[in-house]
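Q: Hi! Could you walk me through this model in plain words?

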Amino acid sequence: MGSLGGRRLSAYGMMVRFLRILVAVLSGVALAFSFAPFDEAWMVWGWMWLLLPLLWTVTGKRHCLKGFGLAWLAGMGFWVINLKWLGTVTWPGALALSAYLSAYFGLFGAFAAGSVNPWRVKYERAKTIRDRAHQSLRSLGYATLLGGFWCGLEWVRGWLMTGFGWNGLGVTFAKNLILAQNAEYVGVIGLSFLPVFFSAVAVQTVRRFYQQFRANELRILHWDFATALLVIMLAFTWGTIRLSSVTNEPKIEGRVLMVQQDIPQFADKILWEPSKIVGGFEELTAEGMEEVFREAAKAARGVESEEEIVGIRMPDLVIWPEACLPAFLHGEENGSIVGGPEVESVFEYIHSLGDFTFVLGMNEARGETVVDPEVDVFNSLIVDDGKGVRQTYQKNHLVILGEFIPDLPFLHDLYFRTTGVEFGKGLSRGGVFEPLEAEIGGQPIGVIPSVCFEDTVPRLTRKFVRNGPQLLVNVTNDGWFQESEGSVQHFRNALFRSIELRRPTVRCANRGVTGVVTLAGSLVDPYSKKTRHLVNENGSYFHRGYLLATVYIPSEGEITLYAAFGDWFAVSGLIAGFLWVFLILLSKKTKRREA
């Protein structure tokens, strides 16, 4: 009988462990549905309602390790789904990256199950107002530590081992621009505090209601929950104020023409011939300029006298995407940057279409021959004014296994096995963080350059911020990931740079989201109410065409709190978490000595 009871108990324990694992994974799956392509952003407020009770009910000497394991499983449930677009290049790489990124979930789980576990203290009935205030303050304290530590882990994830800071919880606010406005103070990473803080308070409140029900206590609104709602309401209110006020600042009006060909590729192998690529870009640019002249002719037909005719409003910038020309520019010793005859003929033709600044992405070599292993090759953004001034920005934040591979033979073998192509010569890293210059609306402005995924790296972009009018310009490819949600996720992460720095963005992609982002993070023109992005009749970003749009640049260009101090909020949260762990360990050590 005892043996049978033991087997039943063992089976029950196994079932409980299985259910805990299942719920942990499901919590991560729920979080994945907050992001593209599902876009159920409201779920970011509820997924931790599943995870936190699991972390706060672990028992035994290895509770921190168990918490790590449960949260790591939640991370795998999230990242495997969230990064499935990476499988278009390499499924082994997608799974390996998911396993690594899930470790940050695991560290949060260990923190929550160990030092910041409010349920490890036995519930005591609150008999006085002071007792109730103590309960609420304790609940808010735990929630604040958890929210801050989560932000700190997202910050570390964004730079450690070159960093992959995509899709923090705050990115879900890309479709809630009211709350997103607070990123100018704490960055998009700091926005992640809100759902973690609220969830931690809510879960504690639900448990307290249950305990009061069992004890037949009076169940009233808890102050900690009311405070959490107040924090969100204040963030919402201030976001509403900022969303309307930032569009009313003095501005410089400019015009941009962006060209997208939707060139297919597999890994780093372009599937079109060079002549087709160059010819296509030239053709689309000419079509865009024809539209400019058609607009001018249409406007002229609507006036009654020659004095009312307004001159043709030419684009200030014509932009092609990243690495769009299958050729190289070469930096010479005298500082000039030139290309071969075929490259220079392209520049000459484009500038023959009108008086504007030409911006494009190209590879740039510092030497005579790019096959020389000693020659540095850069993924660069080129700004050419057509009057003899050519500036370049050399990409700083390179993508591991995309633009460079550490000098380890097994990584080269892994790349070949997963993509079917050899990894060529790796790119060199640029090191200059001075903004470029251009003229927009007849006035000089600063250009904050970024190439490809650099627009998802806020710590890099803020290095270019200066007082005065500035415009973020990004050229990207995104063709690696076919017609997947990777392009939309990339854009959702990138749009927060405009909010954090209060500089508008013009973004030109080969395959993905080409558009103009306001300094409030919106694609909608605040005056014409038109959505400034390049889509076809079906609403797809994956097509060939051009976009002619207006951009509004703040003429004063003040420095935001985030631009000045970066991720101060996330770093503070991480430090506070470590200090709390240190104090807990010190307290335990002191008690053991006294015993």
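A: Sure, here is a chat about some helices, cysteines and loops.

A: Keep in mind that this is a predicted model: local features need pLDDT of at least 70, side-chain atom pairs count only at pLDDT 80 or more, and totals for chains, interfaces and linings use all residues. Residues are numbered from 1 along each chain as its sequence is written, and side-chain values use heavy atoms, with hydrogens and water left out.

Q: Okay, helix H8 then. How far apart are its end C-alpha atoms?

A: They are 32 Å apart, which agrees with the 32 Å that the 22 residues of H8 (residues 193-214) should span at 1.5 Å a residue. The expected span is 1.5 Å times one less than the number of residues. Helices here are DSSP runs of H or I with at least four residues, strands are runs of E with at least two, and both are numbered from the N terminus.

Q: And how many residues of H8 are buried?

A: 16 of the 22 are buried, so H8 is largely enclosed by the rest of the structure. Buried means under 20% relative accessible area, exposed means over 50%, and partly exposed is in between, using a 1.4 Å probe and protein chains only.

Q: What does Asn216 do just after H8?

A: Asn216 takes a positive phi of about 60° there.

Q: New topic: how do people describe two packed helices?

A: By the angle between their axes and the distance between the axes. The axes are lines fitted to C-alpha atoms, for helices over the stretch in contact, and angles run from 0 to 180 degrees between N-to-C directions.

Q: So what is the angle between H7 and H17?

A: Helix H7 (residues 183-191) and helix H17 (residues 568-594) pack at about 55°, with their axes 7 Å apart. That makes H7 oblique to H17. Under 35 degrees counts as roughly parallel, over 145 as roughly antiparallel, 65 to 115 as roughly perpendicular and the rest as oblique.

Q: Which residues meet there?

A: Tyr185, Val186, Ile189 and Gly190 in H7 meet Trp568, Phe569 and Ala570 in H17. Contact means heavy atoms within 4.5 Å. The contact has six nonpolar residues, one polar and no charged. Ala, Val, Leu, Ile, Met, Phe, Trp, Tyr, Cys and Pro count as nonpolar, Asp, Glu, Lys and Arg as charged, and the others, Gly among them, as polar.

Q: What about H5 and H9, at what angle do they cross?

A: Helix H5 (residues 129-157) and helix H9 (residues 223-245) cross at roughly 45°, and their axes come within 8 Å. That makes H5 oblique to H9. By class, their contact has four nonpolar, three polar and two charged residues.

Q: Switching to cysteines: how many disulfides are there?

A: A search of the whole structure finds zero; a disulfide is a pair of cysteine sulfur atoms within 2.5 Å.

Q: Why is there no bond from Cys452 to Cys508?

A: The closest cysteine sulfur to that of Cys452 is in Cys508, but at 13 Å it is too far for a bond. Cys452 counts as buried, at 10% relative accessibility.

Q: Now the loops. Met161 and Asn167: buried or exposed?

A: Met161 counts as exposed at 60% relative accessibility, while Asn167 counts as buried at 3%. Met161 lies in the loop between H5 and helix H6 (177-180), and Asn167 lies in the loop between H5 and H6. Met161 has a positive phi of about 55° although it is not a glycine, and Asn167 has a positive phi of about 55° too.
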